[in-house]
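Work through the exercises below with the structure in view. Try each task before you read its solution.

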Protein chains: 2
Amino acid sequence: MDQLFHALADATRRDILRRCGRGELSVSRLAEAYPMSFAAVQKHVAVLERAGLVSKERRGREQLVRTDPDAVSRARAALDELEATWRGRVDRMARLLALDSGQETDNPTRGPAR
Amino acid sequence: MDQLFHALADATRRDILRRCGRGELSVSRLAEAYPMSFAAVQKHVAVLERAGLVSKERRGREQLVRTDPDAVSRARAALDELEATWRGRVDRMARLLALDSGQETDNPTRGPAR
DNA sequence: CTAACGTACAACCAAATGGTTGTACATGAG
DNA sequence: CTCATGTACAACCATTTGGTTGTACGTTAG
């Protein structure tokens, strides 16, 4: 979760997600679009990749970047859960949808946060 | 947007959001719940506040923290927009909903059009 | 009034971020 | 083969982050 939201917390990375949603793009092509060095874009892609938002696939000497739609859905689901909590819906929903099965609880209360 | 997602990219802060969704809590009460100093929690609350996720209200010598539901909705909307983009729905939706009016474009590019 | 409580804020520190440049190495084009 | 292209990665730097402690200040309880 941390990595997911952190990856989304940068305008350049969000833009990369948009661009690579429609059709895959090589890192070089991406880099041409931004006012920063190739290496910097490479790092942004790496952050997105670690967060599972993007996957790379080699084609010849190029590395094609493709966004993973499911990852964003995961982030959205997390926000939904958060929203549901303070709307008091969480208890009802938990029972109705049996969310307790595998839902990430994400509670740092008893352990170190970082 | 950056601040919003950045604020969400920390387990402690997300937990604070949950706790302050149901009923307001003073910063001291919050601090008791986490394995860190009062000042650290204070900073986390400040980050949430800057992101507009939370508002503080003074009651006597206490400072009550309350989550703003609309802010999370904003984040969710941003993700929806992102998701819609690479599903090819964006063009259709843009026209249908006239998103071009005031919607935050969030595009750091100076290069070729998107 | 005085003491304890809740808060604010500054100073400091280690680690992570976001950027740079430079170098090395495959791979495809000519 | 040779060279330009696309990538990877290390080293470096300034700034931000997330945490600490310490100090100061207003407010409430006794």
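**Exercise 1: a sheet in chain B**

In chain B, β1 and strand β3 (residues 62–67) run antiparallel and are joined by 2 bridges. The model is predicted: local features need pLDDT of at least 70, side-chain atom pairs count only at pLDDT 80 or more, and totals for chains, interfaces and linings use all residues. Residues are numbered from 1 along each chain as its sequence is written, chains are lettered from A and ligands numbered from 1 in the order in which they are written, and side-chain values use heavy atoms, with hydrogens and water left out.

Task: find the strand order of the sheet in chain B.

Solution.
1. Strands are DSSP runs (E, at least two residues), numbered from the N terminus. Two of them pair if DSSP finds at least two bridges between them.
2. Locate one bridge: B:Leu25 has B:Val65 in β3(B) as its partner.
3. Read off the order: the 3 strands form an open, antiparallel sheet, β1-β3-β2.
4. Check the edges: β1 (25–26) and β2 (54–59) of chain B each pair on one side only.

**Exercise 2: contacts with DNA strand D**

Task: which atoms of DNA strand D do A:Val27, A:Gln63 and A:Arg61 contact?

Solution.
1. Apply the cut-off: a polar contact here is a pair of N or O atoms within 3.5 Å.
2. Take A:Val27: a backbone N or O atom lies 3.3 Å from a phosphate oxygen of the strand.
3. Take A:Gln63: an N or O atom of its side chain is 2.6 Å from a phosphate oxygen.
4. Take A:Arg61: a polar side-chain atom lies 3.4 Å from a base oxygen.

Definitions and conventions: Helix = DSSP H or I, 4+ residues; strand = E, 2+ residues; numbered from the N terminus. Polar contact = N/O pair within 3.5 Å; in protein donor to acceptor, adjacent residues only side chain to side chain.
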